Amino acid sequence: MIRDRLREVSGQIIAIAVALILGAIIILLVGESPVRVLMTLLRGAFGDQEKIAGTLLQTTPILICGVAACIGLRGGMFNVGIEGQLFLGGFAAAWVGFAFALPPGIHMLAALALAVVAGAAWVAIPAYFRARYNTNEVVSTILSNYVAVLLTSYFTIFLFKRPGGWSETPPILATAYLPELFSFSRLNWGLVIGLVLALGAALIFRYTSWGYGVTMVGSAPKFAEYGGVNVKRQGFVVLLLSGAVGGLAGGIETLGVHHRFMEGFAPGFGFDGLIAALLANGSPVATIFTALFFGALRSGSLLLEVDTSASREIITVIQALIILSVSAQVLVKRRGDSQAGERRWKF
Amino acid sequence: MEILDKLVNVALIAATLRTTAPILLVALGGSFTTKAGIFNIGLEGQMLAGAFFAVIGSIWTGSAFAGVACGVAAALAFALVFAVLVVSFRANEVVVGLALNILAGGMTISLMKAIFGTRGSIVGHGIVGLPKVQLPGARAVLGSWAPLISGFTPIVYVAFIAVPLLVLFYNRTRLGLYIRVVGEKPEAAEALGISITRVRYTASLLCGLLAGLAGAHLSLGYITMFTENMSSGRGFMAVAILIFSNGDPLKVLWGCLLFGFADAFSLRLQTFGYPSYLVLTVPYVVALTALFALSYRARPKIITETLASMQRLLSTDKNIEPGGKHPS
């Protein structure tokens with residue numbers, strides 16, 4: 001058992017090492033020194049306490065989106081629409097934040113609640129068709145991302161634009177702010193919420209029969225059905241929950257960091273979360289660490305743009321390479337035995 | 001009515017054919033992988049890489065066709081990586097496809113910054129666009145309808161000619177048959193001595209070829225520039241089309257014409273002052289609606305197939321291994 005776990009982790013580390021070597025080659029190709037890029041990344045991510053707080057600030061949405069992705073992956077669902085749920089959740093929270101006046105605390109909770117509802121509602125149609133008619137959820141959720149981003153831009157620019165502002169809503173009232181943890185950073189309670197969510201999800205998957213059922217549907221749907229799980233309804237619920245957490249990520253980002261909704265306010269966090277969850281193999285606890293890793297990369301990349309000639313997108317290249325090498329090694333080992341099982345995503 | 005006349009005319013139909021071409025090419029490319037039983041969500045990335053390297057090649061050599069060749073080569077490289085990971089390493093198709101899309105997005109932006117020192121887009125720098133082909137005699141025969149068949153770039157013609165060619169390919173050639181067998185009944189293919197690996201590699205590379213052409217059309221066709229993520233979901237729309245067409249070239253054509261029309265129509269609407277953000281959602285909403293509506297319609301087929309296979313299972317001997325192929 002422990003040996004298996006060790007082998008899995010070491011395989012993961014070898015895959016990351018391979019990806020980093022490939023990444024170094026690409027950095028050389030774009031005319032930068034890999035060592036300099038690495039040092040700049042490290043300095044940007046962990047240079048001083050403000051930088052560390054900045055890293056954690058970037059980690060928060062990746063972690064929450066990662067938990068959302070984990071919930072889906074556990075249940076055998078690829079929720080690639082977290083990005084869209086994040087945007088709608090972010091907008092919904094901002095709307096409650098600036099359009100209503102409520103007592104402190106309650107205002108924030110109401111905003112977060114609407115973010116959750118918005119995220120779940122946005123995934124509801126793809127989830128329904130996935131559960132009922134087996135419509136491929138990967139494609140439907142990806143396409144709905146584009147609609148979500150454009151729709152929130154429309155809301156922001158045509159319906160709720162701050163007078164005199166530039167593609168952003170009016171600022172939310174201070175009663176809806178998520179409290180900050182330290183005075184020197186915008187790092188807020190969102191991180192704590194993310195950690196609680198990750199641990200809570202892990203406990204639910206490990207200790208409740210519902211969580212066990214979800215995992216079973218994800219790994220062996222026939223067995224789960226035979227065991228009395230309503231596979232269709234559960235698939236629907238899993239996607240809905242995943243979307244709800246995705247919406248929450250957006251709400252936390254607006255209430256904790258930006259205090260308004262801006263066009264393109266959180267680019268790529270949904271995809272980073274999905275990648276973090278894939279790298280963690282669907283385990284919420286492991287997602288904490290992979291999200292931290294990606295948060296550090298993101299935070300470091302801000303300095304990269306300033307100090308070197310490389311663009312910050314070089315880190316998405318590295319992330320993609322990591323996933324590619326991990327996907328190769330994990331599945332060589334696991335899927336060697338069956339032809340039928342690996343065609344699960346066939347339509 | 002007058003507004004309708006302004007919106008729908010020969011120019012709109014010609015624009016539809018233009019906007020259909022890239023999505024048709026990428027969807028026809030995807031039909032190879034779909035028929036071979038591979039779910040290829042990486043079309044978007046192949047197309048984006050094709051668009052970027054077509055621009056690079058065009059600047060570098062000063063020739064549009066050499067640019068197209070560069071774009072195709074880049075898309076082929078992505079397709080090859082996809083095939084190595086999915087076919088040889090048996091990695092999850094969705095994961096690999098998504099990762100390659102992210103890779104293409106990050107790589108093109110990084111290279112743009114490294115080569116041109118800019119963010120956002122590449123304009124000018126001596127990009128040579130594809131020439132427009134004026135068919136001789138088109139104006140004499142069709143009069144004002146001539147723009148419907150004449151004046152497109154070569155890639156548009158390739159896209160539409162590819163449809164009947166692919167129908168013939170799947171029905172009349174050995175490789176086409178092999179691809180279909182490998183996709184539908186891999187066990188049968190294996191029993192016949194067809195190399196599943198080789199056929200799937202071939203299908204993936206053919207897919208990369210057409211996706212690269214589609215990308216080159218985006219950046220060298222009617223606008224000669226490259227912008228960040230300029231494929232803007234067309235690869236995903238193509239996948240949606242492939243799902244409900246099952247990769248049949250003719251059905252792919254109808255689906256793509258629908259999207260091309262939605263695309264051209266939404267561009268039209270923008271010039272009439274409708275909020276661009278809402279108008280831009282039209283193609284995606286059309287794609288989603290079609291996907292949902294047609295999967296609802298396909299439901300009886302799934303049920304009948306399941307029933308048929310259950311009957312088969314019950315009527316033949318009871319010793320069928322439980323890990324056998326599952327319908328749907």
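## A buried helix in chain A

Start with helix 11 of chain A, residues 269-279: eleven of its eleven residues are buried, so the rest of the structure largely encloses this helix. This is a predicted model, so read everything here with that in mind. The buried residues run from A:F269, A:G270 and A:F271 through A:D272, A:G273 and A:L274. Also on the buried list are A:I275, A:A276, A:A277, A:L278 and A:L279.

What follows helix 11 of chain A? The answer is A:N281, whose phi is positive, near 60°. This residue sits in the loop that links helix 11 to helix 12 (284-307) of chain A. A:N281 counts as partly exposed because 15 other C-beta atoms lie within 10 Å.

## Two asparagines with positive phi

Most residues other than glycine have a negative phi. A:N281 goes the other way: it is not a glycine, yet its phi is positive, at about 60°. Over in chain B, B:N229 is another non-glycine residue with a positive phi, near 50°.

B:N229 is found in the loop between strand 2 (225-227) and helix 11 of chain B. With 14 other C-beta atoms within 10 Å, B:N229 is partly exposed.

## A:R74 and its surroundings

A:R74 belongs to helix 3 of chain A. Is this arginine, A:R74, buried or exposed? A:R74 counts as buried, because 24 C-beta neighbours fall inside 10 Å, and the cut-off for that label is 20 or more.

Setting aside the neighbours within four places in sequence, A:R74 is in contact with A:F205, A:V214, A:T215, A:G218 and A:G282. There's a link back to the loop after helix 11 too: the C-alpha atoms of A:R74 and A:N281 are separated by 9.1 Å, though the two residues are 207 residues apart along the chain.

## Helix 3 against helix 10 in chain A

Helix 3 (residues 49-74) of chain A packs on helix 10 (residues 231-258) of chain A, with the axes 7 Å apart and an angle of about 170°. Angles over 145 degrees count as roughly antiparallel, and helix 3 and helix 10 of chain A are therefore roughly antiparallel to each other.

From helix 3 of chain A, the residues making the contact include A:L57, A:P61, A:I64, A:C65 and A:V67. Helix 10 of chain A answers with residues including A:V238, A:L241, A:V245, A:L248, A:I252 and A:E253. Sorted by class, the residues of this contact between helix 3 and helix 10 of chain A come to 16 nonpolar, four polar and one charged.

## Domains and confidence in chain A

The domain assignment splits chain A into domain 1 (1-32 + 309-336) and domain 2 (53-308). Their C-alpha centres lie 25 Å apart. Where the two meet, eleven residues of domain 1 of chain A are in contact with eleven residues of domain 2 of chain A. On the domain 1 side, that makes six nonpolar, three polar and two charged residues.

As for confidence, chain A averages a pLDDT of 85, and 94% of the residues score at least 70. Residues 331-347 of chain A are where to be careful: the pLDDT there is below 50, and the stretch has 25 contacts in the model beyond near neighbours in sequence.

## Chain B and its face toward chain A

Chain B has 15 helices and two strands. Of its 328 residues, 49% are buried. Among contacts in chain B with a separation of 6 or more, 74% come from residues 24 or more positions apart.

Between the chains, 51 residues of chain B are in contact with 49 residues of chain A. Which helix of chain B gives the largest share of the side that touches chain A? Helix 5 of chain B does, with 16 residues. Helix 5 (93-116), helix 11 (234-245), helix 13 (276-280), helix 14 (282-297) and helix 15 (299-315) of chain B each supply at least two residues of that side. By class, this side of chain B has 34 nonpolar, twelve polar and five charged residues.

## One more loop residue in chain B

B:N246 is found in the loop between helix 11 and helix 12 (249-271) of chain B. B:N246 counts as partly exposed because 14 C-beta neighbours lie inside 10 Å. Its C-alpha atom and that of B:V182 are separated by 14 Å, with the two residues 64 residues apart along the chain.

Methods:
Residues are numbered from 1 along each chain as its sequence is written. Chains are lettered from A and ligands numbered from 1 in the order in which they are written. This is a predicted model: local features need pLDDT of at least 70, side-chain atom pairs count only at pLDDT 80 or more; totals for chains, interfaces and linings use all residues. Domain bounds come from an automatic or database domain assignment. Two residues are in contact if their C-beta atoms, placed from the backbone, lie within 7 Å. Ala, Val, Leu, Ile, Met, Phe, Trp, Tyr, Cys and Pro count as nonpolar, Asp, Glu, Lys and Arg as charged, and the others, Gly among them, as polar. Helices (H or I, at least four residues) and strands (E, at least two) are DSSP runs, numbered from the N terminus. A residue is buried if 20 or more other C-beta atoms lie within 10 Å of its own, exposed if 12 or fewer, and partly exposed in between; C-beta atoms are placed from the backbone. Axes are lines fitted to C-alpha atoms, for helices over the stretch in contact, and angles run from 0 to 180 degrees between N-to-C directions. Angles under 35 degrees count as roughly parallel, over 145 as roughly antiparallel, 65 to 115 as roughly perpendicular and the rest as oblique. pLDDT is the predictor's confidence in each residue, from 0 to 100.
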